[in-house]
Amino acid sequence: MSPPAERDLLALAAIAASGVALVSLLSAASAPAGSSGPRRAPRRIRSGRAATVKTAQELNRAAGTLAASVLADSSVEHYRGSFKNKAMYTPLAVSALTLATSIHGTADMRPFAHKARDATYLLAAATGMIGSGFHLYNVGKRVGGFSWQNVFYGAPIGAPMAILLSGLLGFCSERVREAARTRPRIFGLPAGRTIAAVAGAGLLGTTGEAGLLHFRGAYHNPFMLLPVTLPPVGAALLLSAAAGGSGRTHRFTRGWMRVLTAMGLAGVGFHAYGVSRNMGGWRNWSQNILNGPPLPAPLSFTGLALAGLAALGLMRAHPDA
């Protein structure tokens with residue numbers, strides 16, 4: 001297969017995978033939750049089980065959104081790097097597996113952790129950590145080392161953190177799912193507050209990467225300021241919720257998370273518009289997708305905001321979580 005044809009096929013596969021993932025996740029979002037057990041448990045246990053399973057499904061959805069973003073983004077970006085290092089295939093395989101696992105978890109209504117899902121999410125987290133090391137090495141080995149020039153144009157340092165966050169949120173989903181009869185906890189910490197803190201920290205990190213890349217684009221469109229202004233506020237709200245006491249409704253924080261969810265989806269549209277402004281527009285899509293703004297990158301904000309909503313929902317259902 002010739003290089004141009006291979007490039008077109010890879011880009012098309014990445015876009016198609018992202019589309020399928022989004023449709024699957026949105027379809028799962030509208031599916032009603034229920035219980036499949038033949039024997040009815042006491043009402044209090046059923047209520048707690050429904051809340052934890054619902055939160056776990058929402059976290060699976062958030063992890064899947066992040067994995068879809070990584071799959072599409074790393075497919076395009078690593079192809080642009082000609083897969084110079086064979087390890088560059090790893091995030092494609094792991095994010096595709098994580099996406100499939102998250103779809104399975106989103107559809108699973110059972111109040112039990114799944115060993116295969118656990119293993120996949122841990123693999124995703126490890127891939128993110130190792131990938132960060134590779135990207136740091138790529139920047140550091142360039143002439144001039146860790147200079148602003150190399151940070152701007154070298155491998156994006158923060159990009160592998162998305163698959164790390166996907167793995168962490170997926171791992172948290174399994175811990176919440178198996179806590180149907182007990183207080184949801186993660187490593188001995190209240191689950192809802194822990195997930196809120198993880199999502200808040202993720203929003204701050206993603207904001208840093210967006211700020212760096214949008215600075216490279218000179219903020220030529222005023223809307224490019226939104227990803228560096230709205231998410232830090234959301235991160236502060238989530239961290240405040242994580243540190244606060246029980247009994248709070250967090251209505252404003254939930255509303256802000258919905259704004260960030262919409263912002264991430266709208267960002268994909270803005271990036272698509274950015275691709276169309278390159279020479280040849282979408283008629284030259286196979287070239288302009290490689291050179292334009294990364295289409296799936298804004299979905300990271302959507303995934304983290306969904307995780308924030310899941311954490312707030314768990315804290316409302318379990319005030320001590």
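The following exercises, each with a worked solution, concern a predicted model.

**Exercise 1. Salt bridges between helices**

Task: Determine which residue forms a salt bridge with Glu-174, and where the two partners lie.

Solution:
- Step 1. The partner of Glu-174 is Arg-117, and the closest N and O atoms are 2.9 Å apart.
- Step 2. Glu-174 belongs to helix H6 (residues 161-177) and Arg-117 to helix H4, so the pair, 57 residues apart, links distant parts of the chain.
- Step 3. Glu-174 and Arg-117 are both buried.
- Step 4. Asp-108, Arg-110, Arg-117 and Glu-174 are joined in a network of salt bridges.

**Exercise 2. The two partners of Arg-175**

Task: Describe the salt bridges that Arg-175 forms with Asp-118 and with Glu-178, and state whether the residues are buried or exposed.

Solution:
- Step 1. Between Arg-175 and Asp-118, the closest N and O atoms are 2.8 Å apart.
- Step 2. Because Arg-175 is in helix H6 and Asp-118 in helix H4, this salt bridge ties together parts 57 residues apart in sequence.
- Step 3. The side chain of Arg-175 also meets that of Glu-178 in a salt bridge, at 2.8 Å from N to O.
- Step 4. The cut-off for a buried residue is under 20% relative accessible area. Arg-175, with 14%, is therefore buried, and Asp-118 is buried as well.
- Step 5. Glu-178 has a relative accessible area of 43% and is therefore partly exposed.
- Step 6. The count for the structure comes to seven salt bridges.

**Exercise 3. Geometry of two aromatic pairs**

Task: Classify the ring pair Phe-152 and Phe-215 and the ring pair Phe-252 and Trp-256.

Solution:
- Step 1. A pair of aromatic rings is described by the distance of the centres and the angle of the planes.
- Step 2. Planes under 30 degrees apart count as stacked and those over 60 as edge-to-face, with the rest tilted.
- Step 3. The structure holds seven aromatic pairs. For Phe-152 and Phe-215, the ring centres are 5.7 Å apart and the planes stand at 20°, so this pair is stacked.
- Step 4. Phe-152 lies in helix H5 (residues 148-153) and Phe-215 in helix H7 (residues 191-216), and the pair links distant parts of the chain, 63 residues apart.
- Step 5. Phe-152 is buried at 14% relative accessible area, whereas Phe-215 is exposed at 55%.
- Step 6. For Phe-252 and Trp-256, the centres are 5.7 Å apart and the planes at 40°, so this pair is tilted.
- Step 7. Phe-252 and Trp-256 are both in helix H9 (residues 251-276), four residues apart, which is about one turn of the helix.
- Step 8. Phe-252 counts as exposed at 55% relative accessibility, while Trp-256 counts as buried at 18%.
- Step 9. One aromatic cluster is formed by Trp-148, Phe-152, Tyr-153 and Phe-215.

**Exercise 4. The surroundings of Ala-241**

Task: Locate Ala-241, state whether Ala-241 is buried or exposed, and list what Ala-241 touches beyond four places in sequence.

Solution:
- Step 1. Ala-241 is part of helix H8 (residues 226-243).
- Step 2. Its relative accessibility is 0%, so Ala-241 counts as buried.
- Step 3. Leaving out residues up to four places away in sequence, Ala-241 touches Arg-193, Arg-248, His-250, Leu-312 and Met-315.
- Step 4. Ala-197 is 44 residues from Ala-241 in sequence, with a C-alpha to C-alpha distance of 8.4 Å.

Definitions and conventions
Residues numbered from 1 in each chain as written. Predicted model: local features only at pLDDT ≥ 70, side-chain atom pairs only at ≥ 80, totals over all residues. Heavy atoms only, no water. Helix = DSSP H or I, 4+ residues; strand = E, 2+ residues; numbered from the N terminus. Buried < 20%, exposed > 50% of the residue type's maximum accessible area, 1.4 Å probe, protein only. Contact = heavy atoms within 4.5 Å. Salt bridge = Lys/Arg side-chain N within 4 Å of Asp/Glu carboxyl O. Phe/Tyr/Trp six-rings, centres within 6.5 Å; stacked < 30°, edge-to-face > 60°.
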